[in-house]
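Colleague: I should like to learn how to read the features of a structure, from its strands to its empty spaces. Would you take me through an example?

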Amino acid sequence: MQLLVGLFAVCLPALVLSDVITVQKCTDGTLPSAVDVPGCQSTPCDLPKGQDAKVLVDFTASKQLTILRPEVRASFGGLTVPFVLPNDRQDACKWLIGSQCPLSPQEDVTYELQLPVLSSYPSLSLTVELKLLDQNNEIVTCFQLAANVM
């Protein structure tokens with residue numbers, strides 16, 4: 001019984017502090033196992049201007065991955081536009097937490113997307129789509145996230 005109480009005491013804060021949110025499936029690709037946007041408990045997530053939005057993406061590699069490249073798009077007002085990440089963020093292998101490329105099949109991985117939200121951006125509601133592409137330009141995982149630029 002004490003073991004159960006101890007486990008509950010340890011696990012409850014982790015569950016309360018977790019910001020894993022529900023995201024939408026892309027047309028192609030599989031959903032990640034979890035998406036965490038610190039400070040956001042439900043969508044749409046607020047993305048403050050002048051800061052980087054941090055998005056943690058948990059997924060399982062379905063095959064060996066030697067290259068991982070993020071592709072981000074923003075959709076708003078009936079338009080979809082590419083969101084070009086800064087040069088230092090275009091290699092997703094450099095933004096893996098506790099892992100590195102090449103990735104082995106069935107390896108559980110966390111990718112950290114740092115999305116710049118410039119002060120010059122207009123305040124608006126949008127959908128952010130993230131695809132992670134492999135060495136063959138095939139989709140490893142993909143999701144869509146409702147957000148507000150504030």
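Modeller: The discussion below goes from the overall layout to one strand, then to the core and the empty spaces. Please bear in mind that the model is predicted.

Colleague: Let us begin with the layout. How many helices and strands are there in the protein chain, and in what order do the elements run from the N terminus on?

Modeller: The protein chain has one helix and nine strands. Read from the N terminus, the order is α-β-β-β-β-β-β-β-β-β, and buried residues account for 37% of the 150 residues. Among contacts with a separation of 6 or more, 64% are between residues 24 or more positions apart.

Colleague: Which strand would you take as a case, and is strand S7 mostly covered or uncovered?

Modeller: The general idea is that side chains in a regular strand alternate between the two faces of the sheet. Strand S7 spans residues 108–117, and eight of its 10 residues are buried. S7 runs antiparallel to strand S4, residues 51–60, and 10 bridges join the two. Within this pairing, aspartate 58 stands opposite threonine 110 of S7.

Colleague: Why does proline 116 count as buried?

Modeller: Buried means under 20% relative accessible area. Proline 116, which lies in strand S7, counts as buried because its relative accessibility is 13%.

Colleague: What is proline 116 in contact with, leaving aside its neighbours within four places in sequence?

Modeller: On that basis, proline 116 is in contact with Gln51, Asp52, Phe83, Leu85, Pro86, Arg89 and Tyr121. Glutamine 51 is 65 residues away from proline 116 along the chain, yet their C-alpha atoms are separated by 6.2 Å.

Colleague: How should one read the nonpolar core, and which residues have the most contacts inside the largest one?

Modeller: In soluble globular proteins, nonpolar side chains tend to be buried together. Here the largest nonpolar core has 37 residues, and those with the most contacts inside it are Phe59, Leu68, Leu103 and Tyr111. At least two residues of this core come from each of strand S3 (45–47), S4, strand S5 (69–76), S7, strand S8 (124–133) and strand S9 (139–149). Tyrosine 111 may serve as an illustration: beyond its neighbours within four places in sequence, its contacts include Val55, Val57, Phe59, Trp95, Leu130 and Leu132.

Colleague: Where is empty space left, and which residues line the largest cavity?

Modeller: Rolling a probe the size of a water molecule over the atoms shows where empty space is left. The count comes to one cavity of 30 Å³ or more, and the largest cavity has a volume of about 40 Å³. Its lining consists of Leu47, Ala53, Val55, Leu113, Leu115, Val128, Phe143 and Leu145. By class these are eight nonpolar, no polar and no charged residues. S4, S7 and S9 each give at least two residues to this lining.

Colleague: What, then, is the space in the largest pocket, and which residues are closest to its centre?

Modeller: The largest pocket holds about 220 Å³ of space. Of the 17 residues that line the largest pocket, Ala74, Phe83, Tyr121, Leu126 and Val149 are the closest to its centre. Two or more lining residues come from each of S5, strand S6 (79–83), S7 and S8, with S5 giving the largest share, four residues. By class, the lining of the largest pocket has 16 nonpolar, no polar and one charged residue.

Conventions:
Residues are numbered from 1 along each chain as its sequence is written. This is a predicted model: local features need pLDDT of at least 70, side-chain atom pairs count only at pLDDT 80 or more; totals for chains, interfaces and linings use all residues. Side-chain values use heavy atoms; hydrogens and water are left out. Buried means under 20% relative accessible area, exposed over 50%, partly exposed in between (1.4 Å probe, protein chains only). Two strands pair if DSSP finds at least two bridges between them. Contact means heavy atoms within 4.5 Å. A nonpolar core is a set of buried Ala, Val, Leu, Ile, Met, Phe, Trp, Tyr and Cys residues joined through side-chain atoms within 4.5 Å. On a 1 Å grid over the protein atoms alone, a cavity is a set of points where a 1.4 Å probe fits but cannot get out, and a pocket is an open set with protein on both sides within 12 Å along at least five of seven lines; lining residues have an atom within 4 Å of a point. Grid points are joined across faces, edges and corners, and a volume is the space filled by probe spheres set on the points. Ala, Val, Leu, Ile, Met, Phe, Trp, Tyr, Cys and Pro count as nonpolar, Asp, Glu, Lys and Arg as charged, and the others, Gly among them, as polar.
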